[in-house]
Amino acid sequence: MTTYTARPVEPSALKELRTADDAGRPMTAFTDDEGGAPLRCCLRRSAPGERIALVSYAPLRRWAAATGAAPGAYDEQGPVFVHAEECPGPDRDGHPFANAHRVLRRYSAEGRILGGELVDAPDDDAFRTAFDDPAVALVHVRAVEYGCFLYEVRRP
């Protein structure tokens, strides 16, 4: 069992994103013929034949709206894959997408970037190190190759 829990895109946000994404565009679903897309709704890779969508998502903006933080210029949005229809969500055991180098980007309670670290794979030790700084409120796990948001981890 892991101490630090990977948080998928929240169901309420998914419902909104399936209507219009955080850039205001309507969702366009497609059949994933090849599979392998990192799904942020259930934190697994897509299987061939699944209906998915690529939407623009602003994870820090949504967190800030719920907490009162003001991330300013750090409020970025980027592409994420989600199921086109509601899914059961993730299996919450372990750290998803851990088969490659990842960047752990640390944020303060105000929504400011406090730094980032390249890790071989996200694991409890890497998150423990990130949260050793008491100013860190949450960590975004990002893909190295494109910088895309994969999931969030909050202080336990």
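Here are three short exercises on a predicted model, each with a worked solution.

**Exercise 1.** Find out where Asp21 sits and which residues it is in contact with, leaving aside neighbours within four places in sequence.

*Solution.* Start with the chain: Asp21 is in the loop between helix H1 (11-17) and strand E1 (29-32). Next, check the surface. Buried means under 20% relative accessible area, and Asp21 has 8%, so it counts as buried. Now look for partners: once those sequence neighbours are set aside, Asp21 touches Val55 and Ser56. With Ser56 there's a closer detail, as the Asp21 side chain reaches its backbone nitrogen at 3.0 Å.

**Exercise 2.** Work out which parts of the chain the salt bridge between Asp22 and Arg62 ties together.

*Solution.* First, the pair itself: the two side chains meet at 2.7 Å, N to O. Asp22 belongs to the loop between H1 and E1, while Arg62 is in helix H2 (residues 59-67), so the bridge joins parts 40 residues apart in sequence. Then compare accessibility: Asp22 is buried at 16%, whereas Arg62 is partly exposed at 23%.

**Exercise 3.** Take the salt bridge between Glu152 and Arg154 and decide whether each partner is buried or partly exposed.

*Solution.* Begin with the distance: the closest N and O atoms are 2.5 Å apart. Glu152 has a relative accessible area of 6%, so it is buried. Arg154, at 30%, counts as partly exposed. Finally, zoom out: Glu152 and Arg154 are linked with Arg7 and Glu10 in a network of salt bridges. For the whole model, the salt bridge count comes to 12.

How values were computed. Residues are numbered from 1 along each chain as its sequence is written. This is a predicted model: local features need pLDDT of at least 70, side-chain atom pairs count only at pLDDT 80 or more; totals for chains, interfaces and linings use all residues. Side-chain values use heavy atoms; hydrogens and water are left out. Helices (H or I, at least four residues) and strands (E, at least two) are DSSP runs, numbered from the N terminus. Buried means under 20% relative accessible area, exposed over 50%, partly exposed in between (1.4 Å probe, protein chains only). A polar contact is a pair of N or O atoms within 3.5 Å; within protein, one must be able to donate a hydrogen and the other to accept it, and residues adjacent in sequence count only if both atoms are side-chain atoms. Contact means heavy atoms within 4.5 Å. A salt bridge is a side-chain nitrogen of Lys or Arg within 4 Å of a carboxyl oxygen of Asp or Glu.
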